[in-house]
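Q: Could you walk me through this one? I'd like to start with the helices and then move on to the side chains.

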Amino acid sequence: MAEAKKIDRENLEKALGENKKTVEMPKEMEIGFHQGSLNTLINERNEVIRMVQQIERVMQAHIKRLEELGVKVRTSKPDEKK
């Protein structure tokens, strides 16, 4: 089994810093870049929310059917510890 190498965080940051190229862009272009990024992230977040809602609906349908079949389903809140 190969031995894992330790990563020296300080050297890694130095290495990354040496290759770091700063690109100056006009303020308007930078604003557009950030606005576009936010729009994309908002759309992604909304899609994740829709997915979670769909999963929740399907889970609730399974829970309801199990209860109809006489199976007691115990659910816990995410922050509860068993």
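A: Helix H2 is a good place to begin: H2 has 42 residues and reaches 61 Å from its first C-alpha to its last, which is close to the 62 Å expected at 1.5 Å a residue. Please keep in mind that this is a predicted model.

Q: Okay, and how many helices and strands are there in the protein?
A: The protein has 2 helices and 0 strands.

Q: What does the backbone do just after H2?
A: Gly 70, just after H2, takes a positive phi of about 90 degrees.

Q: Switching to charges, how many salt bridges does the structure hold?
A: The structure holds 2 salt bridges. In one of them Glu 47 is paired with Arg 50, with the closest N and O atoms 2.9 Å apart, and in another Glu 68 is paired with Arg 65, with the closest N and O atoms 3.1 Å apart.

Q: How are Glu 47 and Arg 50 placed along H2?
A: Glu 47 and Arg 50 are separated by about one helical turn, because they lie 3 residues apart in helix H2. As a general point, side chains of opposite charge can pair when their charged atoms come close.

Q: And how are Glu 68 and Arg 65 placed?
A: Glu 68 and Arg 65 are also 3 residues apart in helix H2, so about one helical turn separates them.

Q: What about the accessibility of Glu 47 and Arg 50?
A: Glu 47 has a relative accessible area of 38%, so it counts as partly exposed, and Arg 50 is partly exposed as well, with a relative accessible area of 47%.

Q: Where does Arg 65 fall in relative accessibility?
A: Arg 65 is at 46% relative accessibility and therefore counts as partly exposed.

Q: Different topic: which residues make the nonpolar surface patch?
A: Met 25, Met 29 and Phe 33 make a nonpolar surface patch of about 310 Å². Of these residues, Phe 33 is found in helix H2, which covers residues 27-68.

Q: Stepping back to the protein overall, what share of the residues is buried?
A: Buried residues make up 1% of the 82 residues in the protein.

Q: And how much of the accessible surface belongs to carbon and sulfur atoms?
A: The accessible surface of the protein comes to about 8900 Å², and 56% of that surface belongs to carbon and sulfur atoms.

Notes
Residues numbered from 1 in each chain as written. Predicted model: local features only at pLDDT ≥ 70, side-chain atom pairs only at ≥ 80, totals over all residues. Heavy atoms only, no water. Patch = residues over 30% accessible without salt bridge, like charges linked within 9 Å, V, L, I, M, F, W, Y side chains within 5 Å. Areas by Shrake-Rupley, 256 points an atom, 1.4 Å probe, with all protein chains shown as cover. Salt bridge = Lys/Arg side-chain N within 4 Å of Asp/Glu carboxyl O. Helix = DSSP H or I, 4+ residues; strand = E, 2+ residues; numbered from the N terminus. Expected span 1.5 Å × (residues − 1). Buried < 20%, exposed > 50% of the residue type's maximum accessible area, 1.4 Å probe, protein only.
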